[in-house]
There are 2 protein chains.
Amino acid sequence: MAGCYGGMVANLTSAKPDELALAAFELFSTRGIAGVNMDAIAAGAGVTKGSLYWHYASKKEIILAACNLYYRAWRRQILEATESSDRPAEKLEAAVAFSVRSCLLDDANRVFTTEIVAMSLYDSEVRASWAGFLDETERFFLGLTHRAVGAGELRCDDVDRAVDLMLAAMEGIKQIALFRPQACLPENEQRTCRRLMSLLGERVSALA
Amino acid sequence: MAGCYGGMVANLTSAKPDELALAAFELFSTRGIAGVNMDAIAAGAGVTKGSLYWHYASKKEIILAACNLYYRAWRRQILEATESSDRPAEKLEAAVAFSVRSCLLDDANRVFTTEIVAMSLYDSEVRASWAGFLDETERFFLGLTHRAVGAGELRCDDVDRAVDLMLAAMEGIKQIALFRPQACLPENEQRTCRRLMSLLGERVSALA
DNA sequence: ATCCCGCCATACTGGGCAGTATTGAGCGTT
DNA sequence: AACGCTCAATACTGCCCAGTATGGCGGGAT
């Protein structure tokens, strides 16, 4: 077991593994996982392969660490995006807007997730990791949607199915945007958000 | 220029390149593009690398040939699936049903398309090839949907947008099905079809 | 018969890359 | 001051694999 720091240090001070994973993420997001070798990751982080292999035992470990970094960033950003609103339906709209923005406008996001999905085809650990993230995403949107419906701000018969369909549409839009750059134009962002929101049900106009 | 058959033979009789591309497709669909080397493709087709390289100059040529094979199969199958119906709305439903079935139940389809999408990130030729197929798919569904609306069998305000959203949802469902095997169960097939059809508009009940 | 050519097989090369072996520098401990 | 531990750098190995070189075989044309 390399890189365990003696076992007792709770990994709070040492950001080195995160630095390495971040360098890996940035390279993966631009040149793809297969297009990046361990020397490139090390160089990107300003070290050499020797120390890289001290922190991570294999390339797959770095890939999984980069995934975890991505998940953490997502959690932080989507909380930031939604915390400013107080009404549930507004939070939901903010969450959809954030997701659309990161789907359509963030190339790194698109590249990295596409790579991870492809890798999940053959690597069960990566697949399990990504499946966990999908579950988390779904729980998040389910929670927001149920709250919006419960607060009477949204009308939706089958929340679970609606959320699933909306998330599927989002993934599909992200994928198709690869081939239709014009779909990524900012002027289409609002319309895409409205379309996706309409999948979640009808907004009840605020007449309280 | 290898494999040009002297230039005048119209490639009607010789199915060998197709055989090779088919073997490649089958291997790609099970072990991934990166997981299949040229020797494996040759062995799968019952030849050796020497003759494989006589027909195709590089691995990418075989990949593109496998794509074209996939497109041809799709054309044939979706025409078969829709020709039995005569009313436009029924054709549309049949096309959606076929797509859902090949998305959810056909592992090879899922694996191959995921691989191609990932490869499109870095290879412009592959991306162009797949983009052409996406365009074709969209045109097909646009045609069917417009005809159904024109025949008064479907009510839809913005057909173009609706078709785009439906196709995106289909791609997303395909991708997510990788991580949610339970979504692929046959008993969910009908419901998925109905959900997707609802994205295209409201079916007008036949009271002619 | 022989010559050409489409087609196929065998053997090989060269490069890229994951992973390893080994050494060393800084530093706290005793 | 000698030791051990963490972390880092260099050099190397071994494998996989795309692509190549080259030789052979069968059949059609003359």
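**Figure 1. Polar contacts of the protein with the phosphates of DNA strand C in the predicted model.** A backbone N or O atom of A:Lys59 lies 3.1 Å from a phosphate oxygen of DNA strand C; a polar contact is a pair of N or O atoms within 3.5 Å, and within protein one atom must be able to donate a hydrogen and the other to accept it, with residues adjacent in sequence counting only if both atoms are side-chain atoms. From chain B, a polar side-chain atom of B:Lys16 is placed 2.6 Å from a phosphate oxygen of this strand, and a polar side-chain atom of B:His55 is placed 2.9 Å from a phosphate oxygen. This is a predicted model, in which local features need pLDDT of at least 70 and side-chain atom pairs count only at pLDDT 80 or more, while totals for chains, interfaces and linings use all residues; side-chain values use heavy atoms, without hydrogens and water, residues are numbered from 1 along each chain as its sequence is written, and chains are lettered from A and ligands numbered from 1 in the order in which they are written.

**Figure 2. The protein surface near DNA strand C.** Among the 15 residues around this strand (near: a heavy atom within 4 Å), A:Met38, A:Lys49, B:Lys16, B:Thr48 and B:Trp54 come nearest. Of the atoms of DNA strand C within 4 Å of the protein, 69% belong to sugar and phosphate. Helix H3 (49–55) of chain A and helix H3 (49–55) of chain B each supply at least two residues of this surface; helices (H or I, at least four residues) and strands (E, at least two) are DSSP runs, numbered from the N terminus. The largest share, four residues, comes from H3(B).

**Figure 3. Contacts with DNA strand D.** Here A:Lys16, A:Thr48, A:Trp54, B:Met38 and B:Lys49 come nearest of the 15 residues around the strand. A polar side-chain atom of B:Lys49 lies 2.4 Å from a base oxygen of DNA strand D. Two phosphate oxygens are also approached: a backbone N or O atom of A:Thr48 lies 2.8 Å from a phosphate oxygen, and a polar side-chain atom of B:Asn37 lies 3.1 Å from a phosphate oxygen. The largest share of the surface near DNA strand D, four residues, comes from H3(A).

**Figure 4. Relation of the two protein chains.** Chain B can be laid on chain A with an RMSD of 0.0 Å by a turn of 180° and a shift of 0.0 Å along the axis, by least squares on the C-alpha atoms of residues with pLDDT (the predictor's confidence in each residue, from 0 to 100) of at least 70 in both. The two copies are thus related as by a two-fold rotation axis.
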